[in-house]
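Me: Please take a close look at one part of the model below. I would like its surroundings described, with the cut-offs for each term.

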Amino acid sequence: MEELISVIVPIYRVERYIKQCIESILKQTYKNLEIILVDDGSDDTCPLICDEYAKKDSRIIVIHQKNAGADAARKTGMMAASGKYIGYVDGDDWIEPEMYEKLIEFAERFGVEIVESGVIDTWNHTEKRRRPFFEEGKYCGKKFSEMIGGRSLYSGIFFRHGISPYLMTKLFLKSRIIKYQMMPDLSNNLVDDVMCTFPCIMESRSIYITQECFYHYRVRGESTKRQIRKDIVPTIRSCYSDWINRFENVKETDKIEVQIQFFVLYLLIAKAAYIFDEQDSQYYLTPFGRIRKQSRLVLYGASTVGIHLAQYIRSVNESNLVCWVDQNYNQLDKAFNVQAPEKIVELDYDYIIIAILNASAVESAKKSIRELDVPENKVLWIKQEYINEPMRLLVKATIEDCI
């Protein structure tokens with residue numbers, strides 16, 4: 001008999017997208033599914049939509065609970081799951097029809113506990129595939145230790161994970177993932193998926209990686225990962241030791257604490273860049289080379305990094321953010337007031353800050369900026385010395401007491 005896959009779907013305020021999400025799971029070519037829809041206290045029409053789908057397909061289980069966050073919803077789903085394998089889909093995303101047929105085929109054929117695939121970033125009619133860092137193949141035991149163990153969170157390339165942190169692009173053996181899924185989330189949904197995915201993979205040391213991409217991640221400005229949070233640094237301080245302790249079964253060669261330090265650095269630059277600056281100084285934005293606070297800036301990029309940097313720059317001096325631009329400006333929340341990059345030629349400014357961390361995306365942004373005849377010395381990204389030695393930047397953060 002085909003093994004049962006339990007698909008856990010946390011749902012909160014996604015009424016515009018939930019039907020596409022559920023339909024994509026129902027249309028899977030692999031039919032032996034248990035679809036667990038966890039309504040996390042959604043105050044829109046999501047609860048009704050879920051109940052209606054449950055009436056149409058006996059594979060669907062609906063659970064309603066008070067709002068407690070995505071991690072709590074996944075825990076509820078895990079407690080109800082009866083499948084040999086666990087898959088995850090967020091309520092505003094969707095999946096390709098063959099996703100679970102392919103993933104379980106790899107799991108069963110190669111005898112692994114986890115299968116990793118790529119992700120398809122999707123907005124409007126645009127798609128961009130992000131494929132896994134490591135080559136396609138089975139990584140177990142010695143091969144895992146030699147190839148992946150010391151590069152799972154930090155691949156060695158600036159701000160590139162060796163394994164993606166997403167639960168949703170993977171298939172897990174339930175008996176392996178349940179331990180980590182059911183651990184308390186002390187970070188208040190900040191890195192709940194990261195600190196479930198990576199400890200599980202590192203303990204298992206049994207994964208198949210496919211370069212195929214099946215999961216559509218919907219890029220939208222109002223998603224929770226883009227929301228401004230003021231508790232980033234306190235959360236890191238309070239959770240750091242817990243993050244280390246979750247990797248209790250790793251090998252010394254995995255250098256796990258160093259990898260977590262790189263992960264912390266990524267988190268700080270993306271969402272709390274102010275932590276690298278001296279509050280009384282006339283300079284700020286240290287990762288980008290220390291800029292005078294009076295400088296007139298254009299911000300290039302409106303994803304998570306851009307949203308947080310815009311908020312920080314405005315908190316220092318509202319008038320010094322001359323303009324905020326992004327290639328996908330017409331697909332973003334109008335409240336952000338993001339303009340087309342071509343607007344730059346009309347502006348009077350001192351520097352353009354590239355608010356992107358992915359190196360290949362940065363090169364694409366630099367190419368677009370060069371085409372606008374912007375002088376090279378006006379375009380700033382992370383300083384090369386920090387790219388070469390990221391720890392040189394981390395020691396500048398005022399959180400030494402936790403790392």
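Reply: What follows takes one residue, D326, and then turns to a pair of helices. The model is predicted, so local features need pLDDT of at least 70 and side-chain atom pairs count only at pLDDT 80 or more, while totals for chains, interfaces and linings use all residues. Numbering runs from 1 along each chain as its sequence is written, and side-chain values use heavy atoms, without hydrogens or water.

D326 sits in the loop between β14 (321–325) and β15 (351–354); strands are DSSP runs of E of at least two residues, helices runs of H or I of at least four, numbered from the N terminus. D326 counts as buried because its relative accessibility is 12%, the limit being under 20% (exposed is over 50%, partly exposed in between; 1.4 Å probe, protein chains only). Its side chain reaches the backbone nitrogen of A302 at 2.7 Å. A polar atom of that side chain also lies 2.7 Å from the backbone nitrogen of N328. Leaving out residues up to four places away in sequence, D326 touches G301, A302, L332, V338, Q339, A340 and P341, where contact means heavy atoms within 4.5 Å.

Elsewhere, helix α1 (residues 18–26) meets helix α2 (residues 46–56) through I18, K19, I22, E23 and L26 on α1 and C46, I49 and Y53 on α2. By class, this contact has six nonpolar, no polar and two charged residues; Ala, Val, Leu, Ile, Met, Phe, Trp, Tyr, Cys and Pro count as nonpolar, Asp, Glu, Lys and Arg as charged, and the others, Gly among them, as polar.

Note on methods:
Polar contact = N/O pair within 3.5 Å; in protein donor to acceptor, adjacent residues only side chain to side chain. Axes fitted to C-alpha atoms, helices over the stretch in contact; angles between N-to-C directions.
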